[in-house]
Amino acid sequence: MILERFYDEKLAQASYLIGCPKTGSALVVDANRDVDPYVRAAEARGLEITHVTETHIHADFVSGSRDLAERTGAKLHLSDEGGDAWRYAFAAASGAVLLRHGDVFLVGDVRVDVLHTPGHTPEHLSFLVTDAAAADRPMGVLTGDFVFAGDVGRPDLLEKAAGVAGSMEESARTLFRSLQRLKAQPDYLQIWPGHGAGSACGKGLGAVPQSTIGYERLFNPAFAIEDEDEFVRSVLAGQPEPPKYFARMKRINREGPRPLDGFHRPQRLAAARLAALIDEGGLVIDVRPAAEFAQGHVPGAISIPLNRSFTTWAGWLIPDDRDFHLLLDDGCAHCLDEAVRDLAMIGLDRVAGYFGVEVLEAWKADGRALGTLAQITSGALAAKLAEGSVTVLDVRGAAEWEAGHLPGSRNIPLGYLTDHLEELPRAELIVLQCRSGARSAIGASLLQAAGFRNVVNLAGGYLDWRTSGYPSEPGTE
């Protein structure tokens, strides 16, 4: 049996190709929207992709399952569990095989047993994989967003992201029961999860690519809890805020993603067009590093640096129902293609054009001032707090804030910041702060774009504040 794992660092998402070398047939599980790597990998191994499936209706990226099946002629296999509200709307039109608990399908000599493992979502499936050419027992289980290395999938997304009121507790109880059934599997069984560290689909995912039932039984906190009520309290506590775009992704993936015909480069726009675009309220996303944005930027642009967190914050902050433009440094040869791909992976396809960094000089030549973002040290902030002349805005997640925060600070997680603009003082100095200064820099750019003028960023964030010896409340000493 051939097993190949594909991992997208920015989505913290894993997908898998499983092939039978004897028959040359292959299965792809949880494909994302960039289907080329699966096709290339199959060709390189002399395999034909004959089966495509996914563990559930994904909420954090646009699924590539339908695209991949249509491109390769593979048979699409989709969950038929979870009730009418959680069935794939495009399954019949795509000729999909509908899967239920206990079903079995073969990929050459590879046997795939279907397990219904609800809790993270009602329709969620896991797949037991047996290399039937060499063994009569399964080697591993593809667990999707059900079980991760060191964690389990969060059961609160239906309520917090999809708006199904009152569903969190029942989903947590369902997850507990699914976990009890999985724990009956032998210790040697490998776990091949759908996400790694950095995913918002759990709160404590490990960075290792795989695990085993036995290891998780020993060291995964969720596996150790035998009481259902205790499990419910534990699994719901401290979950990070689900990105706003999760609800949109869920809808897109249930109804059927728009076919993607490659990642197309947007048009480069003349610097002279930028001023009119900004004046008309156009949306410009500056993807340069935060330090470069702070030194000089076009007023009205929003900073979302093209780093490992780019996809997350782009999904939170860029609307999918309007055109937007990118501003980037041409010295980065890969930045444009990388940004366009990252955005497309979460369904943000409306990049109407881009500007090179030369627009900054053109902006100044037109008699306009560039914006800057000032930084404040922990010591200077402590003095201002003593004077009572500052508002400190902590844009970390609620669980982070509850564990310890600057005295007197107000917590508004970054993704919700634009929902609270009317509550913030415009005349008073606002210092934005997060763990290290990265999220708060994005938040400061949002406030500046909304017309706030007296905004600064805490250099080094909460980490610097604590290592400098200043007090926090409550939690950490």
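This passage walks through the salt bridges, a surface patch, a helix pair and two unusual backbone spots in the structure. The model is a predicted one, and every value below is computed from it.

Start with the charged pairs. Side chains of opposite charge can pair when their charged atoms come close, and the structure holds 40 salt bridges. One of them joins R33 to D349, with 3.0 Å from N to O. R33 sits in the loop between β3 (25–29) and α1 (36–44), while D349 sits in the loop between α12 (335–345) and β18 (351–356), so this pair ties together parts that are 316 residues apart in sequence. The two partners don't share the same kind of surroundings: R33 has a relative accessibility of 4%, so it counts as buried, whereas D349, at 33%, counts as partly exposed. For reference, the cut-off for buried is under 20% relative accessible area.

Two further pairs can be looked at in the same way. D84 and R87 form a salt bridge in which the closest N and O atoms are 2.3 Å apart. Here D84 is exposed, at 62% relative accessibility, and R87 is partly exposed, at 26%. The other pair is E170 with R177, whose side chains meet at 3.1 Å, N to O. Both ends of this bridge are partly exposed: E170 comes out at 44% relative accessibility and R177 at 35%.

Salt bridges also join up into something beyond simple pairs. D8, K10, D34, E338, R341 and D342 are linked in a network of them. Some of these residues fall within elements already named or about to be: D8 belongs to β1 (2–8), and E338, R341 and D342 fall within α12 (335–345). D34, for its part, falls in the loop between β3 (25–29) and α1 (36–44), the loop that also carries R33.

Away from the charges, Y215, L218 and F219 make a nonpolar surface patch of about 390 Å². F219 lies in helix α5, which covers residues 213–219. With a relative accessibility of 55%, F219 counts as exposed, since the cut-off for that label is over 50%.

Next comes a helix pair. Two packed helices are described by the angle between their axes and the distance between the axes. Helix α4 (residues 168–182) packs against helix α7 (residues 228–236) at an angle of about 115°, and their axes are 9 Å apart. The crossing of α4 and α7 is right-handed. On the α4 side, the contacts are made by M168, E169, A172, R173, L175, F176, R177 and L179. On the α7 side, E228, D229, F231, V232, V235 and L236 meet them. R177 thus turns up twice, once in the contact with α7 and once as the salt-bridge partner of E170.

Finally, two backbone spots deserve a look. A12 has a phi near 50°, a positive value in a residue other than glycine. A12 is placed in the loop between β1 (2–8) and β2 (13–20), and at 1% relative accessibility A12 counts as buried. D30 also has a positive phi, near 60°, and is likewise a residue other than glycine. D30 lies in the loop between β3 and α1, and a relative accessibility of 3% puts D30 in the buried class.

Definitions and conventions: Residues numbered from 1 in each chain as written. Predicted model: local features only at pLDDT ≥ 70, side-chain atom pairs only at ≥ 80, totals over all residues. Heavy atoms only, no water. Salt bridge = Lys/Arg side-chain N within 4 Å of Asp/Glu carboxyl O. Helix = DSSP H or I, 4+ residues; strand = E, 2+ residues; numbered from the N terminus. Buried < 20%, exposed > 50% of the residue type's maximum accessible area, 1.4 Å probe, protein only. Patch = residues over 30% accessible without salt bridge, like charges linked within 9 Å, V, L, I, M, F, W, Y side chains within 5 Å. Areas by Shrake-Rupley, 256 points an atom, 1.4 Å probe, with all protein chains shown as cover. Axes fitted to C-alpha atoms, helices over the stretch in contact; angles between N-to-C directions. Left-handed = near helix turned anticlockwise from the far one by under 90°. Contact = heavy atoms within 4.5 Å.
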